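Student: Could you take me through one part of this model up close? I would like to start with a contact between charged side chains.

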Amino acid sequence: MKTFTLFISLLSSIFGATAAEKTAQMDSKTKETMAKINKVAGITDKVKSIQTVTQNGKMLIPAMQMKGEVKVVTKADKIYVESRMASMVEKQAVTGDKGWGHSMATGIRNLTPQEIGTLQGDTMKYMFAQEKFYDTIKLEGNENFAGKDCIKIILTKAGMKPSIQYFDAKTYMPVGEIQIIASPMGEMKAEIVIKEIERHKLGFLFPKALEQTVGPMKMNLIIESIEVDKEIDDKLFEKPTN
């Protein structure tokens, strides 16, 4: 399920270290690099005051000729993810340190701590302040990724596999990410490459088109809309009873 929601992780990665209160350990070079990334990303006080984000997108699995839709809603420490493909509907939600999932295959279930952690970092609470979620953020020099010379940044948190994020070495624009994600099928390596970037009317960048690879499976994602400060009913995040 999380494989359908990595695009919000990339949105979050653009906002790496923006808040005044720092918690993640970063050396001076990493702080300097993150400041440049955030400047390019268009982070302003107005952007940092956003209360809710709703994303809607389309997804396509070319090898199977399957199309679907995905929706991600986040508010405070809550996040809700819903994907629809053919007759399959999957839902996940996290509030604080608790989470649930619902699909035809598994029914209603509690998410594992690893699954919860994977989604927690994408909630509104951390979207514009990833340094409050991760324990360390470290610049690891340059590396070729998706055919580009990239700055490599590793974000770590206890109990989770590191997230590796890549930014263009010349422009500081986001290029992609490698992440180990938790799912009912176990851990999976996901590689995501940004194909197109747009700037929201509030001034911040977001990935418009993405290609995601999990094992042999490739998926294309198109973000059709991003709405900010839309009123969200907390009932959306509540665990269903049936």
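Which residue's side chain meets that of K218 in a salt bridge?

Tutor: Happy to help! A quick word on the basis: this is a predicted model, in which local features need pLDDT of at least 70 and side-chain atom pairs count only at pLDDT 80 or more, while totals for chains, interfaces and linings use all residues. Residues are numbered from 1 along each chain as its sequence is written, and side-chain values use heavy atoms, with hydrogens and water left out.

The side chain of K218 meets that of E211 in a salt bridge, at 3.8 Å from N to O. The term stands for a side-chain nitrogen of Lys or Arg within 4 Å of a carboxyl oxygen of Asp or Glu. K218 is partly exposed, with a relative accessible area of 41%, and E211 also counts as partly exposed, at 23%. Here buried means under 20% relative accessible area, exposed over 50%, and partly exposed in between (1.4 Å probe, protein chains only).

This pair belongs to a structure that holds 11 salt bridges. Another of them joins the side chains of K152 and E143, at 3.0 Å from N to O. K152 counts as buried because its relative accessibility is 16%, whereas E143 is partly exposed at 30%. K78 forms a salt bridge with D77, where the closest N and O atoms are 3.7 Å apart. In that pair, K78 is buried, with a relative accessible area of 17%, and D77 is partly exposed, with 27%.
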